[in-house]
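Biologist: I am new to this structure and would like a close look at a single part of it. Please take the empty spaces, and then follow the residues around them outward.

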Amino acid sequence: MKSLLFCLLFPLLSQGQPWMFYNLENLFDTINDRGFHDEEFTPMGTKQYASVRYRLSVRQSARVLNALEQTGKRAPIIGLCEIENRSVLEDLVNHKGLRAHGPWGIVHYDSPDHRGIDCGLIYKSDRVTIIHSDRIRYSNDSLHTRDALFVRYRIDSKCYNAIVVHLPSKSGGTIQSAWKRSLAWKYIAFAVDTCRDPTVIMGDFNDQVGPAQLQHFPLHWQSSHCDSRFGSYKYQGRWNTIDGAVANFPIHAEICDLPMLQEKDQKWGNIKPRRRWQGAFFKNGYSDHLPVYFSQVVGTGK
């Protein structure tokens with residue numbers, strides 16, 4: 001009986017501060033912003049993206065976060081990417097599906113990404129106190145991409161650093177684009193070099209989570225460990241875990257594969273994320289990525 005009780009309690013004892021990350025797959029507003037290539041996400045664009053589709057996109061994103069809360073995946077800090085601006089985050093946290101789990105605060109900065117998408121962070125403002133925030137910029141004349149988002153905060157009298165990233169894609173080829181992700185990691189690693197409090201870098205790495213990222217950090221840094229038999233993103237029939245975390249402490253990742261977020265894969269077999277878009281066709285799904293829930297591993301004696 002004592003052994004059984006220990007096994008039941010240990011998962012609770014071994015989990016510390018939780019975080020969530022979710023790629024929202026093009027949560028744009030309907031307004032054409034001058035200087036950015038977001039024309040397709042307008043009423044006259046190829047996606048015929050008017051107010052109804054925008055409201056449905058916000059609702060579906062809120063439904064996911066609401067469902068995760070109700071299934072026990074409650075995180076006071078949620079990192080988000082593929083959001084166009086602060087206003088879409090405001091609409092998201094004010095949606096009735098998410099509002100009940102608040103109050104929510106927002107951290108967001110505009111970045112020079114050519115499509116106008118950014119990283120953002122929402123947090124439970126009754127629990128979390130933001131101490132400092134800033135953007136980590138690695139764009140240059142040859143690379144116009146989204147900034148990383150740096151947030152230093154306090155929760156339960158303890159300070160943490162959270163960085164939300166959406167690394168450059170493999171567009172043009174994996175090898176040909178590798179320098180872009182490497183450049184981003186160098187800037188991010190430099191920005192957190194003096195961080196002594198627990199620090200987590202979470203997001204869409206656009207690369208398999210693992211040694212490729214750790215080469216930029218000291219030896220004690222670790223990649224998130226995930227036991228899922230699938231991944232967070234499926235491309236041409238193959239699952240990949242490209243949404244993850246790097247931290248200066250042991251961190252566990254759990255891919256949130258709720259049934260509502262998946263559908264049958266007619267082309268490649270098995271299942272796939274129930275995405276929002278299929279080319280220019282609006283599917284009213286959720287995202288082409290699955291959310292990932294992270295927890296700080298504590299009490300293991302390591």
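Modeller: What follows starts with the enclosed cavities, moves through the salt bridges and a helix beside them, and ends at the open pocket. Keep in mind throughout that this is a predicted model.

Rolling a probe the size of a water molecule over the atoms shows where empty space is left. Here the count comes to two cavities of 30 Å³ or more. The largest cavity holds about 40 Å³ of space. Its lining is made up of Tyr 109, Ser 111, Asp 118, Cys 119, Arg 135, Asp 147, Ala 148 and Leu 149. Strand 4 (118–124) and strand 6 (148–155) are the elements that give two or more residues to that lining. By class, the residues around the largest cavity are four nonpolar, one polar and three charged.

The second largest cavity holds about 30 Å³. Around it are Met 20, Leu 65, Leu 68, Glu 69, Lys 73, Ile 78, Leu 98 and Trp 104. Helix 2 (residues 51–70) gives the most to this lining, with three residues. Six of the lining residues are nonpolar, none is polar and two are charged.

Glu 69 and Lys 73 are both in the lining of the second largest cavity, and each can be followed to a partner. Side chains of opposite charge can pair when their charged atoms come close. Glu 69 forms a salt bridge with Arg 74, at 3.9 Å from N to O. Glu 69 is buried, with 5% relative accessible area, whereas Arg 74 is partly exposed at 48%. Lys 73 forms a salt bridge with Glu 254, at 3.4 Å from N to O. Lys 73 sits in the loop between helix 2 and strand 2 (77–83) and Glu 254 in strand 14 (residues 251–255), so this pair ties together parts that are 181 residues apart in sequence. Lys 73 is buried, with a relative accessible area of 18%, and Glu 254 is partly exposed at 34%.

Across the whole structure, the search finds 15 salt bridges. Another of them joins the side chains of Arg 146 and Asp 113, at 3.3 Å from N to O. This pair links distant parts of the chain: Arg 146 is in the loop between strand 5 (128–136) and strand 6, while Asp 113 is in the loop between strand 3 (104–108) and strand 4, 33 residues apart. Both Arg 146 and Asp 113 are buried.

The loop between strand 5 and strand 6 also holds Tyr 138. Tyr 138 is buried, with a relative accessible area of 1%. Leaving out residues up to four places away in sequence, Tyr 138 touches Leu 143, Thr 145, Arg 146, Asp 147, Ala 148, His 166, Leu 183, Ala 184, Tyr 187 and Ile 188. Among these contacts is Arg 146, whose side chain meets that of Asp 113 in the salt bridge just described. Asp 147 and Ala 148 are also touched by Tyr 138, and both line the largest cavity. Tyr 138 and His 216 are 78 residues apart in sequence and 15 Å apart in space, C-alpha to C-alpha.

Leu 183, Ala 184 and Ile 188, which Tyr 138 touches, are among the buried residues of helix 5. Helix 5 (residues 174–191) has 18 residues and spans 25 Å from its first C-alpha to its last, close to the 26 Å expected. An α-helix has 3.6 residues a turn, so residues three or four places apart point the same way. The buried residues in helix 5 are Ser 177, Arg 181, Leu 183, Ala 184, Trp 185, Ile 188 and Ala 189. Their cover includes strand 5, strand 6, strand 7 (158–166), strand 8 (199–204), helix 6 (211–214) and strand 13 (243–247).

The last space to look at is open. The largest pocket holds about 1,200 Å³. Of the 44 residues that line it, Ser 169, Asn 206, Tyr 233, Tyr 235 and Asp 288 are the closest to its centre. The elements that give two or more residues to its lining are strand 1 (15–27), strand 11 (233–235), strand 12 (238–240), strand 16 (271–273) and strand 17 (277–278). Strand 11 gives the most, with three residues. The lining of the largest pocket divides into 10 nonpolar, 16 polar and 18 charged residues. Asp 288, one of the residues closest to the centre of the pocket, is linked with Glu 25 and Arg 275 in a network of salt bridges.

Methods: Residues are numbered from 1 along each chain as its sequence is written. This is a predicted model: local features need pLDDT of at least 70, side-chain atom pairs count only at pLDDT 80 or more; totals for chains, interfaces and linings use all residues. Side-chain values use heavy atoms; hydrogens and water are left out. On a 1 Å grid over the protein atoms alone, a cavity is a set of points where a 1.4 Å probe fits but cannot get out, and a pocket is an open set with protein on both sides within 12 Å along at least five of seven lines; lining residues have an atom within 4 Å of a point. Grid points are joined across faces, edges and corners, and a volume is the space filled by probe spheres set on the points. Helices (H or I, at least four residues) and strands (E, at least two) are DSSP runs, numbered from the N terminus. Ala, Val, Leu, Ile, Met, Phe, Trp, Tyr, Cys and Pro count as nonpolar, Asp, Glu, Lys and Arg as charged, and the others, Gly among them, as polar. A salt bridge is a side-chain nitrogen of Lys or Arg within 4 Å of a carboxyl oxygen of Asp or Glu. Buried means under 20% relative accessible area, exposed over 50%, partly exposed in between (1.4 Å probe, protein chains only). The expected span of a helix is 1.5 Å times one less than its number of residues. Contact means heavy atoms within 4.5 Å.
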